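Visitor: Please take a close look at one part of this model for me, and then show me how the elements around that part are arranged.

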Amino acid sequence: MYKQDEKFGKMRWISTDRKGGGYFECRSRFQPTGHMLDIAVDAPADGPTVAQRNFYKDIETNYSWLVGVMQPLIEAEFRNWQPGFAIQDFSAELWPVGLDIPQLIDNKPVKWELSFETAHDLNHMVTVLYQNFQPYAVRVDG
């Protein structure tokens with residue numbers, strides 16, 4: 001099943017056995033960088049909420065600030081393999097490719113993820129995990 005959304009565009013419903021019955025997948029141009037993002041939106045079959053659309057807009061609006069708070073965590077993770085590693089130009093070295101938007105439940109912390117490909121290792125993906133707008137972990141998968 002497909003659904004057209006005012007913010008996310010054409011979305012495909014993925015039915016699962018998990019609570020809520022599924023989620024949506026879509027691709028959207030991420031305004032701060034111009035890159036296409038693969039987005040998963042944890043929402044019921046009738047579509048994303050206004051709050052989820054606003055949350056995505058907040059991520060776009062605050063992206064440069066987010067880069068500033070996530071860069072030290074990414075550098076620390078890479079230093080496990082490359083001592084002295086430092087990002088010189090974030091936008092040239094890491095580009096966003098994936099975003100997971102959770103259900104937004106009143107008075108509960110929002111845990112979400114933003115994933116990047118990197119020029120430093122094309123075989124690995126860097127995923128930054130957030131609670132609200134504070135990064136708390138970096139995962140490098142490959």
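**One serine and the sheet around it**

Guide: Happy to! Leaving aside neighbours within four places in sequence, serine 28 is in contact with Lys7, Phe8, His35, Met36, Leu37, Ile39 and Tyr56, where contact means heavy atoms within 4.5 Å. Bear in mind that the model is predicted: local features need pLDDT of at least 70 and side-chain atom pairs pLDDT 80 or more, while totals for chains, interfaces and linings use all residues. Residues are numbered from 1 along each chain as its sequence is written, and side-chain values use heavy atoms, without hydrogens or water.

Serine 28 is buried, at 10% relative accessible area (buried is under 20%, exposed over 50%, partly exposed in between; 1.4 Å probe, protein chains only). Serine 28 sits in strand β3, residues 22-29 (DSSP runs, numbered from the N terminus: strands are E, at least two residues; helices H or I, at least four).

Now the wider view: eight strands make an open sheet, ordered β1-β2-β3-β4-β5-β6-β7-β8, with mixed pairing; a pair needs at least two DSSP bridges. β1 (2-5) and β8 (134-141) each have a single partner strand, so one side of each lacks a neighbour in the sheet. From one strand to the next, the twist averages 25° (axes are lines fitted to C-alpha atoms, for helices over the stretch in contact; angles run from 0 to 180 degrees between N-to-C directions).

Helix α1 (residues 50-61) lies across β1, β3, β4 (36-41), β5 (94-101) and β6 (111-118), at about 160° to β5. Helix α2 (residues 63-78) lies across β5, β6, β7 and β8, at about 50° to β8.
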